[in-house]
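User: Please pick one part of this protein and take a close look at it with me. I am a first-year student and would like short, plain steps.

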Amino acid sequence: MNRFNLGDTVFFIANGYHIREATVIRTGSGLCTIKFNDNETPAGTRVRVSKLFHTKQEAEVVVEKAHNTLLY
């Protein structure tokens, strides 16, 4: 069973803090090929399913947790 389907809108964390919206254009073998929806670049990439989130709020929780653990 796939966690994401073709055409789903997903959120990807770039550089550990920047959340980017994308659309799934291919899935399989635990990987998804996504195409970014913003105008920064018309590119896409292939990433592990574990790096994608269904909502922006889910991605923000991961970013906040990562930043809080880096503080001394």
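Analyst: Start with Thr33, which sits in strand E3, residues 31-36. Keep in mind that this is a predicted model. Is Thr33 buried or exposed? Its relative accessibility is 19%. Buried means under 20%, so Thr33 counts as buried. Now look at what surrounds Thr33. Setting aside residues up to four places away in sequence, Thr33 touches Thr23, Val24, Ile25, Arg26, Thr45 and Arg46.

Move one residue along, to Ile34. Again leaving out neighbours within four places in sequence, Ile34 is in contact with Val10, Phe12, Ala22, Thr23, Val24, Ile25, Gly44, Thr45, Val47 and Leu52. Thr23, Val24, Ile25 and Thr45 appear among the contacts of Thr33 and also among those of Ile34.

Where does E3 stand in the sheet? Five strands form an open sheet, in the order E4-E3-E2-E1-E5. E3 therefore stands between E4 and E2 in that order. The pairing is antiparallel. The edge strands are E4 (44-48) and E5 (52-53), and each of them pairs on one side only. Further along the sheet, E1 and E2 pair in the antiparallel sense over six bridges.

Next, the core. Which residues make up the largest nonpolar core? This core has 12 residues: Phe4, Val10, Phe12, Ala14, Ala22, Val24, Cys32, Ile34, Phe36, Val47, Val49 and Leu52. E1, E2 and E3 each supply at least two of them. A second, separate core has six residues, including Ile13, Ile19, Ala59 and Val63. There is a general pattern to know here. In soluble globular proteins, nonpolar side chains tend to be buried together.

Now go to the other end of E3, to Phe36. How many aromatic pairs does a search of the whole structure find? The search finds one. The partners are Phe12 and Phe36, with ring centres 6.1 Å apart. Their planes lie at 50 degrees, so the pair is tilted. Phe12 lies in strand E1 and Phe36 in strand E3, so the pair ties together parts that are 24 residues apart in sequence. Both rings belong to buried residues: Phe12 has a relative accessible area of 15%, and Phe36 is at 9%.

Phe36 has another partner. The charged end of Arg20 sits over the ring of Phe36, 3.8 Å from its centre. Arg20 links back to Phe12 too: Phe12 stands opposite Arg20 in E2.

What about the loops? Ser29 is in the loop between E2 and E3. Ser29 is exposed, at 77% relative accessible area. Although Ser29 is not a glycine, its phi is positive, about 55 degrees. Compare Asn15, in the loop between E1 (9-14) and E2 (18-28). Asn15 also counts as exposed, at 68% relative accessibility. Its phi is positive as well, near 60 degrees, and Asn15 is a residue other than glycine.

Step back to the whole chain. The chain has one helix and five strands. From the N terminus on, the elements run β-β-β-β-β-α. Of its 72 residues, 28% count as buried. Thr33 is one of the buried residues.

Key
Residues are numbered from 1 along each chain as its sequence is written. This is a predicted model: local features need pLDDT of at least 70, side-chain atom pairs count only at pLDDT 80 or more; totals for chains, interfaces and linings use all residues. Side-chain values use heavy atoms; hydrogens and water are left out. Helices (H or I, at least four residues) and strands (E, at least two) are DSSP runs, numbered from the N terminus. Buried means under 20% relative accessible area, exposed over 50%, partly exposed in between (1.4 Å probe, protein chains only). Contact means heavy atoms within 4.5 Å. A nonpolar core is a set of buried Ala, Val, Leu, Ile, Met, Phe, Trp, Tyr and Cys residues joined through side-chain atoms within 4.5 Å. Rings of Phe, Tyr and Trp (its six-membered ring) pair if their centres lie within 6.5 Å; planes under 30 degrees apart count as stacked, over 60 as edge-to-face and the rest as tilted. A charge sits over a ring if NZ of Lys or CZ of Arg is within 6 Å of the ring centre and within 35 degrees of the ring normal. Two strands pair if DSSP finds at least two bridges between them.
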